[in-house]
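Okay, thanks everyone, let's get going. I'll put the structure up and then talk you through a few spots.

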Amino acid sequence: QLIRREDYTAPAYWIRSVDLTFELDPAKTLVINRMQVERNADQPAQPLRLHGEDITVTRVLVNGDSVSFRHEDGQLVIDTLPDTPFSLEIRNICAPDKNTKLSGLYQSGGGLFTQCEAEGFRRITYFLDRPDVMAVYTVTLRASKAAYPVLLSNGNLVEQGELPNGKHFAKWHDPFPKPSYLFALVAADLVAREQHIRTRSGKDHLLQVYVRRGDLEKTEHAMNSLIASVVWDEARFKLPLDLERFMIVAVGDFNMGAMENKGLNIFNTKFVLATPATATDVDYAGIESVVGHEYFHNWTGNRITCRDWFQLSLKEGLTVFRDQEFSMDMTGSATARAVKRIEDVRQLRQIQFPEDAGSMAHPVRPDSYVEINNFYTATVYEKGAEVVRMMQTLVGRDGFARGMTLYFERFDGQAVTCDDFAQSIADANPDSELARQLPQFKRWYSQAGTPRLASRGRFDAPTRTYTLSLEQHGLPSPGQSEKEPYVIPVAMGLVGRDGRAIPLQLEGEAEASGTERVLVLNQPRNFYTFVNVDVEPVPSLLRGFSAPVVLNDHLADADLLVLLQHDPDPFNRWEAGQRLALNRLLAAIGSDEPLVLDAGFTDALRAVLRHPELDAAFKDLTLTLPSETYLAEQLQVVDPQKIHAARESMKLQLAQALRDDWAWAFEQHQVAGGYSPDAVSAGKRSLANLSLSMLCLASAADGDTVWPGRAFQRFKDAGNMTDRLGALSALTGSHAELAAPALERFHALFKGDALVIDKWFALQATTPEKNGLVFERAKQLLKHPDFSLKNPNRARSLISALCMNNPAAFHRADGAGHAFWADRIVELDGINPQLAARMARVMDRWAALAEPYRTSAHAALQRVAAKADLSNDVREIIGRALQQV
Ligand code: ARG
Ligand code: ZN
């Protein structure tokens with residue numbers, strides 16, 4: 001059943017406060033739910049319909065008297081109710097130990113945890129489980145003291161004590177009204193790292209990070225990240241911590257990354273636990289950004305929440321934007337900021353662009369859904385963040401801060417819409433392009449698909465003018481055949497062939513103003529004429545990736561080489577290098593001619609690698625070839641094997657052509673001393689690791705044994721996980737015979753550490769495919785005693801790693817990869833539909849596959865579709881995929 005945005009109506013009743021008592025027991029938890037309810041006078045009188053799922057009601061009392069009720073469409077319906085506010089008491093039972101969906105109240109590692117967003121609260125008790133119903137919660141938890149020594153819920157601890165029979169209790173009160181999706185409880189045997197901080201207002205706060213016994217020494221980075229987040233939000237947006245106590249709890253079984261429950265964030269262990277020996281630089285960065293993200297939700301999400309789930313990007317797009325800014329501000333240098341931006345854009349292109357071009361394409365503010373969990377997507381999150389970023393670009397950084405202030409003045413404590421947010425930013429900046437063009441700008445919220453932007457430049461020597469034409473068009477997407485023009489901010493500059501930045505003066509302007517500006521394209525096509533231009537420049541467009549579009553700037557290799565060498569914008573400098581590689585790869589894929597690298601290209605990359613001033617992290621990104629997924633994105637018909645072959649061939653030639661340079665880079669970028677996850681050290685490590693894998697690759701081709709030997713030694717001696725995994729992956733990618741004992745050793749060394757064993761599975765599943773062996777190994781790993789579909793991290797480490805991140809191992813001519821996928825989806829659907837639906841997404845773009853892959857993908861999809869009692873989650877994904885022909 002399709003839910004439509006246009007069908008929104010306010011609730012017929014309000015729940016103002018709720019008092020919950022839990023008798024916690026894994027097999028049979030009793031919930032006593034006492035609500036203060038009143039009719040919403042704006043709505044016609046009607047029965048009260050409460051959501052409930054997989055729970056058993058035992059009694060219903062209104063103002064203390066039992067009343068009759070009925071079940072209809074999965075809801076509990078009470079027909080006769082007083083006209084005046086009334087108390088409603090419901091008692092019900094749920095079974096956390098049977099809850100394999102990990103939504104609602106569930107068991108993990110002997111503890112009890114909750115996940116309520118989006119619609120998990122109804123799996124705990126009957127309620128108006130929608131975000132526009134906000135109540136004040138008081139929660140009493142009662143449980144065995146031995147099994148569950150720690151009892152947590154939202155807000156402040158008001159009382160705790162002993163009970164008969166070895167039980168104890170804790171009572172929590174959250175003073176802030178909140179929607180049910182922000183409710184949380186934890187009952188488990190945990191320990192906490194604690195830190196007191198004083199915020200600017202002079203108030204004291206207690207920060208806590210709860211983990212299982214034995215993991216405490218892995219929480220330092222998470223705590224540091226939390227402290228930094230509190231400080232940052234107060235400094236950058238004047239948003240203080242509003243609770244006496246702020247808790248993070250780590251749990252090993254979790255569907256997503258983390259959850260921003262008020263005052264009680266619950267996290268996937270992956271985004272909490274880290275030591276240098278067990279976590280990589282990427283993990284450290286992930287922890288910082290996710291801790292920031294969830295903390296920032298306290299204002300953008302919790303204090304102001306969503307009116308309905310179609311508005312999800314109101315909190316997610318904005319909060320991703322905030323966590324991206326936070327991570328950039330934490331780096332401390334301009335290049336490191338650019339590196340973070342490049343990484344974010346790479347992610348957007350890798351995941352969101354394909355999404356926008358496939359069966360699941362949807363606007364940032366979707367118009368309909370079957371299962372809301374399917375719309376926690378890269379479009380809502382990452383493209384949503386780009387939309388917020390464009391607003392900031394259009395009104396400036398200060399203007400954006402003013403807009404945020406107005407947003408909180410207007411809507412603090414309310415459940416609102418994306419329109420309310422955009423209006424606040426515009427109203428606080430009445431003279432901005434955003435205010436002038438707001439209705440058109442908001443097409444970014446309503447139109448799906450990645451817009452195409454084409455540019456052509458014409459230099460006219462006699463008049464010393466340079467005319468730039470910018471042309472946009474939108475591609476059709478499911479349910480939207482026509483697209484209206486967007487408002488596209490194009491940050492740009494003109495670069496002379498000698499590297500000089502040319503002053504920008506548009507026709508009609510009295511003088512030049514600066515060497516960089518933002519052109520605001522709002523027509524299908526706009527022309528811009530720059531005057532006083534002496535020599536033909538190279539246009540550098542969409543600097544910093546100022547809009548989420550696909551740009552075709554028609555630049556020749558010679559122009560791209562100028563930008564790679566001279567562009568003052570590091571993003572576009574990186575982009576020029578990627579484009580040079582992309583052009584060559586696409587030519588090879590399209591022609592069946594073997595790819596032969598030209599000296600112009602390898603020399604340019606060598607110059608970057610050897611550059612005396614560029615950051616190691618920037619070099620690493622520039623010398624990393626565009627991914628197979630990104631390449632597939634550029635093609636009408638996708639042949640994953642050809643893409644893989646072309647990319648592997650380019651990688652090998654680059655490894656060989658730059659052999660001495662890689663060796664130099666490897667030696668030059670060793671990090672001495674103890675481990676620190678800062679951006680500079682991490683950049684050096686990643687460039688050293690890239691160099692090492694290139695050296696091993698070149699060695700495999702010519703039989704040299706020195707570098708693989710060094711890699712093996714480094715794997716054994718490494719002082720941190722980044723270097724250890726880097727060396728191991730250099731071996732798995734080139735020397736299977738050395739990789740095998742190394743993998744065995746790695747497993748033995750880390751067998752007790754779930755997050756590291758996840759890496760062990762993922763590394764094997766993402767090894768570059770050769771002769772089908774990687775796929776065969778992945779299939780064997782399904783039977784490994786450590787493998788389980790029930791743990792989401794473990795399931796992802798093998799299944800998603802193979803099907804999503806290793807296209808050449810997955811899309812096989814014999815169709816075995818697709819059959820493997822279908823089997824796993826069917827199996828997982830019976831356990832955890834939300835996770836199964838996510839993994840089903842690898843087939844979004846099946847219709848673009850070349851034969852024979854297309855036919856076997858279609859058959860696999862039909863096999864999943866034919867499963868009896870398929871979940872709504874998976875049915876929606878498969879159904880949309882099969883609508884493509
Ligand atoms: N709000 C969480 C976050 O972005 C994600 C929760 C998603 N949960 C889900 N079941 N879809 O941090
Ligand atoms: Zn979020």
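I'll go through confidence, the metal site, a helix pair and then some strands.

So, first off, this is a predicted model. Confidence-wise, the protein chain averages a pLDDT of 98, with 100% of the residues scoring at least 70. For the model scores, we've got ipTM 0.98 and pTM 0.99.

Now the metal. Which residues hold the zinc ion, ligand 2? On the protein side, the donors are NE2 of His-293, NE2 of His-297, and Glu-316, which is listed twice through OE. Those donors lie 1.9 to 2.8 Å from the zinc ion. If you like to read sites off the sequence, the donor spacing is H-x3-H-x18-E along the chain. And are the two histidines buried or exposed? Both His-293 and His-297 are buried.

Next, the helices. Helix α3 covers residues 312-331 and helix α5 covers residues 378-411; their axes come within 8 Å and cross at roughly 75°. An angle from 65 to 115 degrees counts as roughly perpendicular, so that's what we call α3 and α5. As for what sits in the contact of α3 with α5, by class there are 13 nonpolar, five polar and seven charged residues.

On to the strands, starting with an open sheet of three. The order is β4-β8-β7, and the pairing is antiparallel. β4 (48-51) and β7 (70-72) are at the edges with a single partner strand each, so one side of each has no neighbour in the sheet. On average, neighbouring strands here are turned by 35° against each other, direction ignored. Looking at one of the pairs, β4 and β8 (residues 75-78) are antiparallel over four bridges, and Leu-50 stands opposite Leu-76 in β8.

Last stop is strand β26, residues 465-473. How many of its nine residues are buried? Seven are, so to speak, tucked away: the strand is mostly covered. One partner is β25, residues 452-460, which runs antiparallel to β26 and is joined to β26 by nine bridges. Arg-452, for example, has His-473 in β26 as its bridge partner. β25 and β26 make a hairpin with four residues between them, and Arg-464 in that turn has a positive phi of about 50°. β26 also pairs with β30, residues 525-530, in the antiparallel sense over six bridges. There, Tyr-466 has Phe-530 in β30 as its bridge partner.

That's my tour, happy to go back to any of these spots.

Notes: Residues numbered from 1 in each chain as written. Chains lettered and ligands numbered in written order. Predicted model: local features only at pLDDT ≥ 70, side-chain atom pairs only at ≥ 80, totals over all residues. Heavy atoms only, no water. Axes fitted to C-alpha atoms, helices over the stretch in contact; angles between N-to-C directions. Helix = DSSP H or I, 4+ residues; strand = E, 2+ residues; numbered from the N terminus. Parallel < 35°, antiparallel > 145°, perpendicular 65-115°, else oblique. Nonpolar A, V, L, I, M, F, W, Y, C, P; charged D, E, K, R; others polar. Donors = N, O, S within 2.8 Å, 3.2 Å for Na, K, Ca; no water. Buried < 20%, exposed > 50% of the residue type's maximum accessible area, 1.4 Å probe, protein only. Pairing = 2+ DSSP bridges. pLDDT = per-residue confidence, 0-100.
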